[in-house]
Number of protein chains: 2
Amino acid sequence: MKVENKHTKIIAAATKVFAKKGFFTARISDIAKEAKVADGTIYLYFNNKYDILLSVFEEEVGKIVESTEKLLRLEDDPRRQLEIFCSQHLHSMKKNRYLAEVLQIELRQPYKLIKEYRDNTFSKYTGIIAEIIRNGQRLGLFRPELHPDLAKRCIFGALDELSRVWNASLETNYTVEEITNQVLAIFLIGLEVTRSSEEG
Amino acid sequence: MKVENKHTKIIAAATKVFAKKGFFTARISDIAKEAKVADGTIYLYFNNKYDILLSVFEEEVGKIVESTEKLLRLEDDPRRQLEIFCSQHLHSMKKNRYLAEVLQIELRQPYKLIKEYRDNTFSKYTGIIAEIIRNGQRLGLFRPELHPDLAKRCIFGALDELSRVWNASLETNYTVEEITNQVLAIFLIGLEVTRSSEEG
DNA sequence: ATTCCCTGAATGGCCATTCATTCATGTACT
DNA sequence: AGTACATGAATGAATGGCCATTCAGGGAAT
């Protein structure tokens, strides 16, 4: 209990410090101060600095993946699934702003351990999108000439970049719902006015 | 002449080394070795390590922005302009893979100087997309309910993430044209099969 | 008194940056 | 055309600071 508390506290502190300073200029003593523990205490719970970062990834992202997958299982229509994925992702990123920043910044680093995490674990998360698209194609709902792996990148890249609006100074006034709607409007229906007006 | 050569050589070497190792674990001596100069020589051309990174941004990205803007001026139709922007961006990133990686990784770092560059200079580049969209809305070609600033992020995020396919191990077999077409298919026309088939 | 956390000062290694020195080239003088 | 001197680009070993990590000791709980 006590252990779980301190572990969690350090994870939260590290997420915040990494978000603000970036992994490499963040000092262990910054994290310790933020978590209100001694520098040495951190090494009772983590092997080294990288281990802290990887734990942030694994534990925090793990929660998101799990809850997203659970929600998706309740829905059959790929269009709705896409909506759920986008909405969930944006909600998570807004709720945990620091985690969002850490993911956006550090998940791309070309270091062995980070790459490994990205390729082995995180890619499953973005893979969900490709799966949805493949399924939509199978059902004849999505256009068959699209490559699911490219579409997946389009969508994930868009979500990733969009979740930065809450950190940017100016464009802070969007709600999650608004952004989700915009994403789906663009991806499902497209930019052009003719398509959607033919609809209505 | 000699000077220009060495400056350029160091920029190229740094781009490569930063791409492979990331800014923070890249050592000056790595860059020096790659550029085939002495460690000290680098300080005849740059003030410090950050200065090298910023120079990479400014000089290399500067070229891209300039040539993109020139091309866009020759075209009126926002749909075509969007196509040009996407195609140009992807072409540039494929041509200079190391630069692509450095941009994707380092441009997001939360350090003052990098932030400044991003907010003051780089944002002009992504701003081009928002401008195209605004223009398309004015002309009644793009849907008026879309926020140009959100759409801009969608599109840039998608392009950014897509240009990683050339670094990933598996999905390497796409051409720039193929990817451009996919992006436009998704953004302009949307994912759903009904919209595009109503068209044909 | 033993166990279990916890602490934070001290250690050691790494690397950006510096700078005394070398070397190549150019210029001037005979 | 050979000698002497000047310049400044280039070098790379040495310096110094920073910070992750360690560990000897403190103190609370049983």
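**Exercise 1. Determine how much area chain A and chain B bury between them, and what the contact is made of.**

Step 1. Take the buried area, meaning the accessible area (1.4 Å probe) that two parts lose on being put together, summed over both. For chain A and chain B in this predicted model, that area is about 5600 Å². Carbon and sulfur atoms give 57% of it.

Step 2. Count residues in contact, with heavy atoms within 4.5 Å. Chain A places 60 residues against 60 residues of chain B.

Step 3. Look for salt bridges (a side-chain nitrogen of Lys or Arg within 4 Å of a carboxyl oxygen of Asp or Glu). The rule finds 7 across the interface of chain A and chain B. One pairs A:Arg108 with B:Glu161, at 3.5 Å from N to O.

Step 4. Count polar contacts. These are pairs of N or O atoms within 3.5 Å; within protein, one must be able to donate a hydrogen and the other to accept it, and residues adjacent in sequence count only if both atoms are side-chain atoms. Between chain A and chain B there are 18 such residue pairs, both at pLDDT 80 or more.

Step 5. Assign the residues to elements. Helices here are DSSP runs (H or I, at least four residues), numbered from the N terminus. On chain A, at least two residues each come from α1, α5 (78-95), α6 (97-106), α8 (148-162), α9 (176-189) and α10 (193-199). α8(A) gives the most, with 13 residues.

Step 6. Sort by class. Ala, Val, Leu, Ile, Met, Phe, Trp, Tyr, Cys and Pro are nonpolar; Asp, Glu, Lys and Arg are charged; the others, Gly among them, are polar. The side of chain A that touches chain B has 30 nonpolar, 10 polar and 20 charged residues.

Ground rules for all steps: residues are numbered from 1 along each chain as its sequence is written, while chains are lettered from A and ligands numbered from 1 in the order in which they are written. In this predicted model local features need pLDDT of at least 70, side-chain atom pairs count only at pLDDT 80 or more, and totals for chains, interfaces and linings use all residues; side-chain values use heavy atoms, without hydrogens and water.

**Exercise 2. Describe how domain 1 and domain 2 of chain A meet.**

Step 1. Set the bounds, which come from an automatic or database domain assignment. In chain A, domain 1 is 1-46 and domain 2 is 49-199. Their centres, over C-alpha atoms, are 28 Å apart.

Step 2. Count the contact. In chain A, 16 residues of domain 1 touch 17 residues of domain 2. The two domains bury about 1600 Å², 74% of it on carbon and sulfur atoms.

Step 3. Check the polar terms. Between domain 1 and domain 2 of chain A the rule finds 0 salt bridges. There are 4 residue pairs in polar contact, both at pLDDT 80 or more.

Step 4. Find the elements. On the domain 1 side, α1 (2-21) and α2 (28-35) of chain A give two or more residues. α1(A) gives the most, with 8 residues. By class, this side has 11 nonpolar, 3 polar and 2 charged residues.

**Exercise 3. Identify what surrounds DNA strand D.**

Step 1. List the residues near the strand (a heavy atom within 4 Å). There are 15; the closest are A:Ile28, A:Tyr43, B:Ala38, B:Thr41 and B:Tyr45. Of the atoms of DNA strand D within 4 Å of the protein, 72% belong to sugar and phosphate.

Step 2. Inspect the phosphate oxygens of DNA strand D. One is 2.7 Å from a backbone N or O atom of A:Ile28. A polar side-chain atom of B:Lys6 lies 3.0 Å from a phosphate oxygen. For an N or O atom in the side chain of B:Tyr45, the distance is 2.5 Å.

Step 3. Assign the elements. α3 (39-45) of chain A and α3 (39-45) of chain B give two or more residues to the surface near DNA strand D. α3(B) gives the most, with 5 residues.
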